[in-house]
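Colleague: Before we discuss this model, I would like to hear how each descriptive word in your notes was earned. Could you take me through the reasoning behind them?

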Amino acid sequence: MSMLARYKKQGGFEQLLNLIETSNPKKQETFLKLIGEESKPTVDLIREKMLSPDKIFSWEQSFLIEITTQIPVKVLAICLYGRSPEIVTKAIATFTHMQKQEIQAMMNDKKPTPGEVDAANMKLIQTVRGLNKAKVIRLEKIDPKLDFPMDLKVA
């Protein structure tokens, strides 16, 4: 049975995208390779619609703030660890002075483990998808390429 067979139903694309987005990078590449062997158009569409921390942190500050204020401070600190000072400043711009200090302290305190980074990145992506579903943010306004109909089926 093909890997894509179970996703060829209404909402299947969203399920498949969610599975891939919330997998660690090594597993993501394995999934994408398998999907690409079955359907190049599907893997291309997934790559286009897929969220990543880099993509999210590249968005305009007004959109980013809607997201970063919804994430636990510790998770945000891990997501921001190792990123440029410009990105950190943009992501925590509306936080109070105390919150900014707390995030900076956590980032300077200790290097997160790869597992902590993967978990924090998954939480970030899940938060963005949840905020989009709740219409708090609109991916079609942030980046029209990221938007897709919720009833999209896998080809």
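Modeller: Let us begin with helix α3, residues 40-49, in which Thr42, Val43, Ile46 and Lys49 are buried; please keep in mind that this is a predicted model.

Colleague: What makes the buried residues of α3 line one face of the helix?

Modeller: Viewed down the axis of α3, the buried residues fall within an arc of 135°, and therefore they line one face of the helix. On the other side of α3, Lys40 and Pro41 are exposed, while the cover over the buried residues includes α1 (12-21), α2 (25-38) and α9 (114-133).

Colleague: Why are α6 and α8 called oblique to each other?

Modeller: Helix α6 (residues 73-80) and helix α8 (residues 97-109) pack at an angle of about 55°, with their axes 9 Å apart. Roughly parallel would need an angle under 35 degrees and roughly perpendicular one of 65 to 115, so α6 and α8 are oblique. The crossing of α6 past α8 is right-handed.

Colleague: Which residues meet there?

Modeller: From α6, Val73, Lys74, Leu76, Ala77 and Leu80 meet Glu102, Ile103, Met106 and Met107 of α8; this contact divides into seven nonpolar residues, two charged and no polar.

Colleague: Leu80 lies in helix α6; why does Leu80 count as buried?

Modeller: The relative accessibility of Leu80 is 0%, and buried means under 20%, so Leu80 counts as buried. Leaving aside residues up to four places away in sequence, Leu80 touches Phe57, Ile87, Val88, Ala91, Ile92, Ile103 and Met107. For Leu80 and Ile92, 12 residues apart along the chain, the C-alpha atoms are separated by 9.8 Å.

Notes: Residues numbered from 1 in each chain as written. Predicted model: local features only at pLDDT ≥ 70, side-chain atom pairs only at ≥ 80, totals over all residues. Heavy atoms only, no water. Axes fitted to C-alpha atoms, helices over the stretch in contact; angles between N-to-C directions. Helix = DSSP H or I, 4+ residues; strand = E, 2+ residues; numbered from the N terminus. Parallel < 35°, antiparallel > 145°, perpendicular 65-115°, else oblique. Left-handed = near helix turned anticlockwise from the far one by under 90°. Contact = heavy atoms within 4.5 Å. Nonpolar A, V, L, I, M, F, W, Y, C, P; charged D, E, K, R; others polar. Buried < 20%, exposed > 50% of the residue type's maximum accessible area, 1.4 Å probe, protein only. Arc of directions from axis to C-beta.
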